[in-house]
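Colleague: Could you walk me through this one? I would like to start with how the chains meet and then move on to charged pairs and strands.

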2 protein chains.
Amino acid sequence: MKTISENRCFGGTQGVYSHSSTSCNCDMTFGLFLPEESAYGPVPVLWFLSGLTCTHENVMTKAGAQAWAAEHGIALVFPDTSPRGEDVPDDNAYDLGQGAGFYIDATQAPWAQHFKMWTYIAEELPGLLGDSFPLDMERQSICGHSMGGHGALTMAMALPGRFRSVSAFAPICNPTQSDWGRKQFTAYWGADESKWGPHDATLLMQGPGFDGPLLIDTGTDDQFGDLLGTEAFAAAMATKRQPGTLRLQKGYDHSYFFIATFMEDHVAFHADALYT
Amino acid sequence: MKTISENRCFGGTQGVYSHSSTSCNCDMTFGLFLPEESAYGPVPVLWFLSGLTCTHENVMTKAGAQAWAAEHGIALVFPDTSPRGEDVPDDNAYDLGQGAGFYIDATQAPWAQHFKMWTYIAEELPGLLGDSFPLDMERQSICGHSMGGHGALTMAMALPGRFRSVSAFAPICNPTQSDWGRKQFTAYWGADESKWGPHDATLLMQGPGFDGPLLIDTGTDDQFGDLLGTEAFAAAMATKRQPGTLRLQKGYDHSYFFIATFMEDHVAFHADALYT
């Protein structure tokens, strides 16, 4: 593992590291915020999965999350959103290929060789983090934005017992019914929908649901609102009697200004679960 | 004036606007955060002047300032750091020309036609803001980072009565004795130092000082520490018996991670002065 940068930040350290990924077959970069408390022992971990076009860096610099993580003594992990590099396939569209991994394992050419973001986030990166940093991997929670909200919700439900709480900002909630989902699943998994994995938050909510607290914030003025499937997920939550909170925030859009506004609430929400 | 974008943010609005500047002879862009309270009447104003290479956008997206401005009901102005455009002279160096206006009025070719950042910030932009937005221009304070800290300190001292309080993150404090200053003053004002204006915070502190509270944070691990002249300014502050606080923050560098860490303190410091 290589240290790209380390900056003092809210009494802790905001680091950026890269490593050779076996699941993605390329070098992968991630951000990690360690609060001051990590100098004295392992701290709980909050994952933040980012949206389309983002790298590890957007949330690290724009969301103001470190302030609240420092207050609660929680580490933050900011993974990249896809494999990257000259040898990694890409597409001219912003929503396919590099920057658009969708947190699934591709099975179709040309994507299958590198686009294994499910395995990377669910297995490889947690192993590396637990071995390399003072993190208490028994206490993990997960959050995400847009495509990363899809990742957070599906990981939380498909990996029962892994995460104590899940939250999302403007998540893609029903990708099998949206242009943000069908296009990518078709490319990464092929056109045969029977072979699409259970990576749809609404379908997972109709099945197992999530055994823990759940929080979602979505803006009423989200410019991508029609692509998110919030209504289907809300109905599934209500039908399931899933404990959780869905807030529609008046006037907010899809931007990091929206995320930053409610980040304090999300980190406090996860801290409650991580310190119980 | 043209609206570039407006995003809901911490209960208020983060806007970006452009206008044709008479002082800089080009279009200029600025960011303005208006807190929720501005819907009910004029609110006090905190200026933030940014550093080398920055546009209006860096502090707007990376410093977390809106959270605290919203808490205190204060507007934030984020000006650009220089004139810009294809017709505006530039230099290949990062620290001269576009992105490096140094908050002074150039007198030398090719800079003099556009590089009038002193007049722009001290006269033109305040007039435009007061006419166009619900701002109480009788209650202004100023803050800045690096080159913008130089701008904030020199504006505060050279315009007595204008600003109720001044603060800075890692400010350039003694530019007439630094490579961050001598190079630009020579280019913009010419080699004859007798014609350099009184735009050096240490010299101004040795003269009038500042009639109000002053706060400076600079990191002990600032990678540009030798260029800032903090020691000269500290000595001048002490000699002058200038009321104020200079904090050397252990382990912090020159980055926005440092700025974000102490932004809450700076906004609260200005709020104290603006609401007195």
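Modeller: What follows goes through the contact between the chains, then the salt bridges, then one pair of strands. This is a predicted model, in which local features need pLDDT of at least 70, side-chain atom pairs count only at pLDDT 80 or more, and totals for chains, interfaces and linings use all residues. Residues are numbered from 1 along each chain as its sequence is written, chains are lettered from A and ligands numbered from 1 in the order in which they are written, and side-chain values use heavy atoms, with hydrogens and water left out.

Colleague: OK, how many residues of chain A are in contact with chain B?

Modeller: On chain A 20 residues are in contact with 20 residues of chain B, where contact means heavy atoms within 4.5 Å.

Colleague: And what area do the two chains bury between them?

Modeller: Chain A and chain B bury about 1,700 Å², with 62% of it on carbon and sulfur atoms; buried area is the accessible area, taken with a 1.4 Å probe, that two parts lose on being put together, summed over both. Of the area that chain A buries against chain B, Arg8(A), Phe10(A) and Phe257(A) supply 38%, which is more than any other three residues.

Colleague: How many salt bridges and polar contacts are there between the chains?

Modeller: The count of salt bridges between chain A and chain B is zero, a salt bridge being a side-chain nitrogen of Lys or Arg within 4 Å of a carboxyl oxygen of Asp or Glu. There are, however, eight residue pairs in polar contact between the chains, both residues at pLDDT 80 or more. A polar contact is a pair of N or O atoms within 3.5 Å; within protein, one must be able to donate a hydrogen and the other to accept it, and residues adjacent in sequence count only if both atoms are side-chain atoms.

Colleague: Which element gives the largest share of chain A's side?

Modeller: That is α9(A), with four residues; helices (H or I, at least four residues) and strands (E, at least two) are DSSP runs, numbered from the N terminus.

Colleague: Changing topic, how many salt bridges are there in the whole structure?

Modeller: A search over all chains finds 12 salt bridges. In one of them, Asp265(A) pairs with Arg247(A), their closest N and O atoms being 2.9 Å apart. This pair links distant parts of the chain, since Asp265(A) lies in helix α9 and Arg247(A) in strand β9 (residues 245-249), 18 residues apart.

Colleague: Which residues pair up in chain B, and are they buried or exposed?

Modeller: Asp136(B) and Arg139(B) form a salt bridge at 2.7 Å, N to O. Asp136(B) is buried at 19% relative accessibility, and Arg139(B) is buried too, at 18%. Here buried means under 20% relative accessible area, exposed over 50%, and partly exposed in between (1.4 Å probe, protein chains only). Another salt bridge joins Asp217(B) and Arg247(B), also at 2.7 Å; Asp217(B) is buried at 0%, while Arg247(B) is partly exposed at 24%.

Colleague: Last one: which strand does β7(B) pair with?

Modeller: Four bridges join β7(B) to strand β6 (residues 135-145) of chain B, and the two run parallel; strands pair if DSSP finds at least two bridges between them. One bridge partner in β7(B) is Ala168(B), which is matched with Gly144(B). Both faces of β7(B) are covered, with Val166(B) and Ala168(B) buried on one side and Ser167(B) and Phe169(B) buried on the other.
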